[in-house]
Amino acid sequence: MNEVTVGIAGLVVILVMFLTGIELAFAMILIGFLGFGYLISWHAALNLLAKDVYNVFSSYSFTVIPLFILMGQVAYNSGIAKRLFDSAHKFVGHIPGGLAMSTVVGATAFKAICGSSPATAATFASVAVPEMDRYGYARKLSTGIVATVGTLGILLPPSVTLIIYGIITDVSIGRLFLAGILPGLLIAFFFICVIYGWCKINPKIGPPSEKSTWGARFRSLPDVIFVAVIFFLMIGGILYGFFTPTEAGSVGTFMVLILSFGKKDINVKGYIKSASDSIRTAVMVLTLLLGSTVLGHFIAVTKIPMITADWLCGLALPTWGIILLISVIYLVGGSFIDDLAFMILATPIFYPAILRLGYDPLWFGVLICITIMVGIVIPPVATVVFVVSKIAKTPLGVVYSGVYPFLLSLALGAVCVFLFPGLATWLPNKLMP
């Protein structure tokens, strides 16, 4: 067999192994090692595997991943999300659908210190859904918005997905963080518009709550301001070169700890749980990156990325059609495999075609993140829907019925980013040229 045939066979075997229950990371490592050994030599494969294991787990640049995950876990296990939700509730809770809008505002603010979508969905499922139940909200609206708004963690910094994309493609993480801000806020605004329209059509689905006084509103702001300070300190520090993304993760984690301990929202036991959960998640992500690295060497030998780029560029399609085709592949693949894992698997294959077509890597990263946001809320592998269903004790069908209207916001966000690339590129080009 020639190199291309071996490469395609290897990718097919990886997918088959995943469907049998084997973790994708280990499948990538195994097939990458066997494929490289078969095409080059077993001695070279053993040497390369040893180097890859050492390089991934000893890389200083990869320490940014566990640090931002730890920050998110500390925020998840503390009461920060509840205070953000309460503050938003005081400002907009009195309008139809206001509590659902408060969930969007609170979760968007929470994303400034938590880059995990499942953690955000779990937090607001326990904080916002009971409050919406108290005011008579329909479960499909309350659980649907909690599940969907959790996806913003993929796009808004400090997004672990953007960090991994930056590592895979060697694109500045700071610039990627900036690229995700405007599209993320735009999609959050679209969520609010859907809630408003839905409640106008059917007022019973999201009745208003009582109106808070301006005094109560202003008293709720210090916690929001503290979170904003943490966010701007991290992004500003990266922007002006005061510290690297890894150091920004350290600073952010330390400040979230100060806020949590100062408010007595977390104790030593809670911190130990946060550290344990973050280590478990970080090891999973790093193992995926190891699998991608090992498989990447095998795929590079097969020349599949270059052949794929030639094939895509040679299609009788306009460039937007090629981008649409790639996005559909990410969407379909991420519907059957964990979306983050599929991004790690697919990006090295399609990235050369993106460069060949002349598209900005920042723009492509944001577009793929929006695609992933859709992937984690549609069946069959809808991670955040499963989380919300379990915590809110709501049937999956009810949660899905609430998610579908908000898919319009994600689709509209993707169209806006596609038609107006400046939404993703203007801020990083302006602030980090």
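Helices here are DSSP runs of H or I with at least four residues, numbered from the N terminus. The model you are looking at is predicted, so local features need pLDDT of at least 70 and side-chain atom pairs count only at pLDDT 80 or more, while totals for chains, interfaces and linings use all residues. Residues are numbered from 1 along each chain as its sequence is written, and side-chain values use heavy atoms, with hydrogens and water left out.

**Exercise 1. A nonpolar patch**

Task: Which residues make the nonpolar surface patch, and what is its area? Which helix gives the most to this patch?

Solution:
- Step 1. Start with the rule: patches are made of residues with over 30% relative accessible area and no salt bridge, where nonpolar side chains (Val, Leu, Ile, Met, Phe, Trp, Tyr) are joined within 5 Å and like charges within 9 Å. Accessible areas come from the Shrake-Rupley method with a 1.4 Å probe, and for residues only the protein chains shown count as cover.
- Step 2. Find Leu30, Leu34, Tyr38 and Trp42, which make a nonpolar patch of about 420 Å².
- Step 3. Look at helix H2, residues 24-39: with 3 residues, this helix gives the most to the patch. Tyrosine 38 is found in H2.

**Exercise 2. A network of charges in helix H14**

Task: How many salt bridges are there? Which residues are linked with Asp277 in a network of salt bridges?

Solution:
- Step 1. Apply the rule that a salt bridge is a side-chain nitrogen of Lys or Arg within 4 Å of a carboxyl oxygen of Asp or Glu. The count comes to 6 salt bridges.
- Step 2. Take aspartate 277 and lysine 273, whose closest N and O atoms are 2.9 Å apart in a salt bridge. Both lie in helix H14 (residues 268-302), 4 residues apart, about one turn of the helix.
- Step 3. Now go to arginine 280, which meets aspartate 277 in a salt bridge at 3.0 Å, N to O. These two also lie in H14, 3 residues apart, again about one turn of the helix.
- Step 4. Put the pairs together: Lys273, Asp277 and Arg280 are linked in a network of salt bridges.
- Step 5. Sort the three by cover, where buried means under 20% relative accessible area, exposed over 50%, and partly exposed in between (1.4 Å probe, protein chains only). Aspartate 277 has 15% and is buried, lysine 273 has 42% and is partly exposed, and arginine 280 has 53% and is exposed.

**Exercise 3. A salt bridge between two helices**

Task: In which helices do arginine 356 and aspartate 310 lie, and how many residues apart in sequence are the parts they tie together?

Solution:
- Step 1. Find the contact: the side chains of arginine 356 and aspartate 310 meet in a salt bridge at 2.6 Å, N to O.
- Step 2. Place each partner. Arginine 356 lies in helix H17 (residues 339-356) and aspartate 310 in helix H15 (residues 304-313), so the pair ties together parts that are 46 residues apart in sequence.
- Step 3. Check the cover: arginine 356 is partly exposed at 43% relative accessibility, and aspartate 310 is partly exposed at 43%.

**Exercise 4. Two crossing helices**

Task: At roughly what angle do the axes of helix H5 and helix H12 cross?

Solution:
- Step 1. Draw the axes, which are lines fitted to C-alpha atoms, for helices over the stretch in contact; angles run from 0 to 180 degrees between N-to-C directions.
- Step 2. The axes of H5 (residues 80-92) and H12 (residues 221-239) come within 9 Å and cross at roughly 120°. That makes H5 oblique to H12, since angles under 35 degrees count as roughly parallel, over 145 as roughly antiparallel, 65 to 115 as roughly perpendicular and the rest as oblique.
- Step 3. H5 passes H12 in a left-handed crossing; left-handed means that the near helix is turned anticlockwise from the far one by less than a right angle, and right-handed that it is turned clockwise.

**Exercise 5. Backbone angles**

Task: Which residues does a cis peptide bond join? Where is aspartate 170?

Solution:
- Step 1. Recall that most residues other than glycine have a negative phi, and most peptide bonds are trans.
- Step 2. A cis peptide bond joins proline 157 and proline 158, with omega about 5°. Proline 158 is in the loop between helix H8 (139-149) and helix H9 (160-169).
- Step 3. Aspartate 170 has a positive phi, near 60°. This aspartate is in the loop between H9 and helix H10 (173-201), and is exposed with a relative accessible area of 72%.
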